[in-house]
Amino acid sequence: INWELPFGTNIRPVVTENYIFLASKNGFFLSVNAKTGNVIWSKNLFNNKKIKIKKTGNIVSLFLISNKIMATTSKGYFLFLDYRNGEVSSYTKAASAGFFSRPSIVDGKIYLIDSKMRLLIYQ
């Protein structure tokens, strides 16, 4: 073991050569130096006055897309955070019915199944 950091979550982390990004379902985000295990930044996303867990739902998945951390929520939102500091750069309601599946990203497109069992494709 090179290092360890206690963090309880069932959301798959995003791992790059330099960083590890972690998120909990209740909106706690963490950026860790992949080599040392030192915490670079941490944010509680739902402490933000604009973004509330009752509106967006729990965090269900995490991706790194075009230097942004993208999180999806149980109520169908996409949240985009700056990977350098965890600040929310934008968010949008992407599926009115909410998401059934976690996204797959292929050739710059995001594929999801919504709660009405429809395939949604975002570019």
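# Pocket, sheet and salt bridges

Asn10, Ile11, Arg12, Pro13, Val14, Val60, Ser61, Leu62, Phe63, Arg102 and Pro103 line the largest pocket. The model is predicted. It holds 3 salt bridges. An open sheet of 4 strands runs in the order β1-β2-β3-β4. Two residues other than glycine, serine 66 and aspartate 107, have positive phi values.

**The largest pocket**

- The space in the largest pocket comes to about 170 Å³.
- Strand β5 gives the largest share of the lining, with 4 residues.
- By class, the lining has 7 nonpolar, 2 polar and 2 charged residues.
- Arg12 and Arg102 are among the lining residues.
- Val14 also lines the pocket, and residue 14 belongs to strand β1 (residues 14-15).
- Rolling a probe the size of a water molecule over the atoms shows where empty space is left.

**The four-stranded sheet**

- Pairing in the β1-β2-β3-β4 sheet is antiparallel.
- Its edge strands are β1 and β4, and each of them pairs on one side only.
- Strands in a sheet pair through backbone hydrogen bonds, in either a parallel or an antiparallel way.
- β1 and β2 are joined by 2 bridges in the antiparallel sense.
- One bridge sets valine 15 against isoleucine 20 of β2.
- The hairpin from β1 to β2 passes through 3 residues.
- β2 also pairs with strand β3 (residues 28-33), again antiparallel, over 5 bridges.
- Here tyrosine 19 has asparagine 33 of β3 as its bridge partner.
- The β2-β3 hairpin has 4 residues between its strands.
- Glycine 27, in the turn of that hairpin, has a positive phi of about 90°.
- Strand β2 (residues 19-23) is largely enclosed by the rest of the structure, because 4 of its 5 residues are buried.

**Salt bridge glutamate 87–lysine 43**

- Glutamate 87 and lysine 43 meet through their side chains, at 2.4 Å from N to O.
- This pair links distant parts of the chain, with the two positions 44 residues apart in numbering.
- Glutamate 87 sits in the loop between β7 (77-82) and β8 (88-93), while lysine 43 belongs to strand β4 (residues 39-44).
- Lysine 43 is therefore on an edge strand of the sheet, since it lies in β4 and β4 pairs on one side only.
- Both partners are partly exposed: glutamate 87 has 41% relative accessibility, and lysine 43 has 26%.

**Salt bridge aspartate 82–arginine 84**

- The side chains of aspartate 82 and arginine 84 form a salt bridge at 2.7 Å, N to O.
- Aspartate 82 is part of strand β7.
- Aspartate 82 is buried, because its relative accessible area of 12% falls under the 20% limit.
- Arginine 84 is exposed, at 57%.
- Leaving out residues up to four places away in sequence, aspartate 82 touches Trp41 and Glu87.
- Of these two contacts, Glu87 is itself a salt-bridge partner, pairing with lysine 43.

**Salt bridge arginine 118–aspartate 114**

- Arginine 118 pairs with aspartate 114, and their closest N and O atoms are 2.6 Å apart.
- Aspartate 114 is buried, with 0% relative accessibility.
- Arginine 118 is partly exposed, with a relative accessible area of 41%.
- Side chains of opposite charge can pair when their charged atoms come close.

**Positive phi outside glycine**

- Serine 66 has a phi near 50°.
- Its place is the loop between β5 (59-65) and β6 (68-73).
- Serine 66 is exposed, because its relative accessibility of 69% is over the 50% limit.
- Aspartate 107 has a phi of about 50°, also positive.
- Aspartate 107 lies in the loop between β9 (104-106) and β10 (109-113).
- Aspartate 107 counts as exposed, at 76% relative accessibility.

Conventions. Residues are numbered from 1 along each chain as its sequence is written. This is a predicted model: local features need pLDDT of at least 70, side-chain atom pairs count only at pLDDT 80 or more; totals for chains, interfaces and linings use all residues. Side-chain values use heavy atoms; hydrogens and water are left out. A salt bridge is a side-chain nitrogen of Lys or Arg within 4 Å of a carboxyl oxygen of Asp or Glu. Buried means under 20% relative accessible area, exposed over 50%, partly exposed in between (1.4 Å probe, protein chains only). Contact means heavy atoms within 4.5 Å. On a 1 Å grid over the protein atoms alone, a cavity is a set of points where a 1.4 Å probe fits but cannot get out, and a pocket is an open set with protein on both sides within 12 Å along at least five of seven lines; lining residues have an atom within 4 Å of a point. Grid points are joined across faces, edges and corners, and a volume is the space filled by probe spheres set on the points. Ala, Val, Leu, Ile, Met, Phe, Trp, Tyr, Cys and Pro count as nonpolar, Asp, Glu, Lys and Arg as charged, and the others, Gly among them, as polar.
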